[in-house]
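I opened my notebook to look through this protein one piece at a time. Here is what I looked up, in the order I went.

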Amino acid sequence: MQPDDALVVYRRRRNFAKTSEPKGGASRGEVSRKPAFVVQIHDASTMHFDFRLEVEGVLKSWAVPKGPSDDPHDKRLAMPTEDHPLEYADFEGVIAEGEYGAGTVILWDEGTYRSTSEDRRGTEIPFAEALERGHAPFRLHGQKLHGGYALTRIRRGTGREAWLLVKKDDSRGARRGAPDPVRARSVRTRRTLRQVAAGEDPGQ
Ligand code: MN
């Protein structure tokens, strides 16, 4: 799918005269760079984490109510949401009251990822195809999240589809579980949700 076609639902849900979220369509640089991932914390009607992976020109997106955990025993429910434009990986701010997803967003983590999907003969499977098949392992290289994770579809159906986001058992050292969204700080500006909501400048 072309990115512009993939963003139809995203654009239909938003009034860009009223929200400061990006409309999409701009390029984020050359295609040869590694694909991006971002985790945002979104203090909407219910607090959740938005987990996004760059796939074929858009950000494939899942809402993860409890947030990604670095403990392999934690199976985090991840509900797919509409594809977002690549520029959304730079979005931090307040979505106006009355608009879709109204509430505060901070960029909690960002970085790149690499698909580790292989078929039984060890041949690499394109990440989009792995997602299509319902099991997509990958390695994250973020500021906070590192190492192997996998997204696995556990339920199908429009509006019902559900996935699990699980850490691969490959990390050394202490496991911290998922962050407390109220205390968590932006990876870019070090601000908390409360500080972003109050419009405080970075560095205050
Ligand atoms: Mn969200």
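**Entry 1: a hairpin**

I began with Val55, which stands opposite Val58 in β3. This is a predicted model, so I keep in mind that I am reading a prediction. I then looked at the strands around this pair: β2 and β3 run antiparallel and are joined over seven bridges. Together β2 and β3 make a hairpin, with two residues between them.

Which residue in the turn has a positive phi? I found that it is Glu56, at about 50°. I noted this down since Glu56 is not a glycine. My note on its place reads: the loop between β2 (47–55) and β3 (58–64). Is Glu56 buried or exposed? Its relative accessibility is 56%, and exposed starts over 50%, so Glu56 counts as exposed.

**Entry 2: the other side of β3**

Next I asked what else β3 pairs with. I found β4, again in the antiparallel sense, over five bridges. Val58 turned up once more here, with Pro85 as its bridge partner in β4. So I have Val58 written down with Val55 and with Pro85.

How many of the seven residues of β3 are buried? I read six, so β3 is largely enclosed by the rest of the structure.

**Entry 3: after β4**

I moved on to the loop between β4 and β5, where I picked out Asp90. Its relative accessible area is 39%, which makes Asp90 partly exposed, because that class lies between 20% and 50%. I also checked Asp90 against Ser61: they are 29 residues apart in sequence, and their C-alpha atoms are 14 Å apart in space.

**Entry 4: the largest pocket**

I wanted to know about open space, so I looked up the largest pocket, and its volume is about 850 Å³. Which of its 26 lining residues are closest to the centre? I wrote down Lys60, Pro80, Thr81, Asp83 and Glu161.

Then I asked which elements supply at least two residues each to this lining. My list has the helices α1 (3–6), α2 (8–12) and α3, and the strands β3 and β4 (75–85). I had already met β3 and β4 as antiparallel partners, so it was nice to see them again here.

I also sorted the lining by kind of residue: 11 are nonpolar, five are polar and 10 are charged.

**Entry 5: the manganese ion**

Which residues coordinate the manganese ion? I found three: His42 through ND1, His48 through NE2 and Asp50 through OD, at 2.1 to 2.3 Å. I wrote the spacing of these donor residues in sequence as H-x5-H-x1-D.

Are His48 and Asp50 buried or exposed? The cut-off for buried is under 20%, so His48 at 14% is buried. Asp50 at 4% is buried as well.

**Entry 6: the partners of β6**

My next stop was β6, and I took its partners one by one. Strand β1 (residues 36–43) pairs with β6 in the antiparallel sense over eight bridges. As one pair to find on screen, I noted that Val38 stands opposite Glu110 in β6.

Strand β5 (residues 93–95) also pairs antiparallel with β6, over three bridges. Here Gly93 stands opposite Val105 in β6.

Strand β7 (residues 135–142) and β6 are antiparallel too, over five bridges. The pair I marked is Tyr113, which stands opposite Leu140 in β7.

**Entry 7: Ser117**

I followed the chain onward to Ser117, in the loop between β6 (103–115) and α3 (127–133). With 4% relative accessibility, Ser117 counts as buried.

What does Ser117 touch, leaving out residues up to four places away in sequence? I listed Thr123, Glu124, Ile125, Ala130, His135, Ala136 and Pro137. I looked at one of these again: Pro137 is 20 residues from Ser117 in sequence, and the two C-alpha atoms are 5.5 Å apart.

**Entry 8: one more positive phi**

Last, I looked up Arg190, in the loop between β9 (162–167) and α4 (193–197). Arg190 has a positive phi of about 65°, although it is not a glycine. That sent me back to my note on Glu56, with its positive phi of about 50°.

Key
Residues numbered from 1 in each chain as written. Predicted model: local features only at pLDDT ≥ 70, side-chain atom pairs only at ≥ 80, totals over all residues. Heavy atoms only, no water. Donors = N, O, S within 2.8 Å, 3.2 Å for Na, K, Ca; no water. Buried < 20%, exposed > 50% of the residue type's maximum accessible area, 1.4 Å probe, protein only. Helix = DSSP H or I, 4+ residues; strand = E, 2+ residues; numbered from the N terminus. Contact = heavy atoms within 4.5 Å. Pairing = 2+ DSSP bridges. 1 Å grid on protein atoms, 1.4 Å probe; cavity = no way out; pocket = protein on both sides within 12 Å on 5 of 7 lines; lining within 4 Å. Points joined across faces, edges and corners; volume = space filled by probe spheres on them. Nonpolar A, V, L, I, M, F, W, Y, C, P; charged D, E, K, R; others polar.
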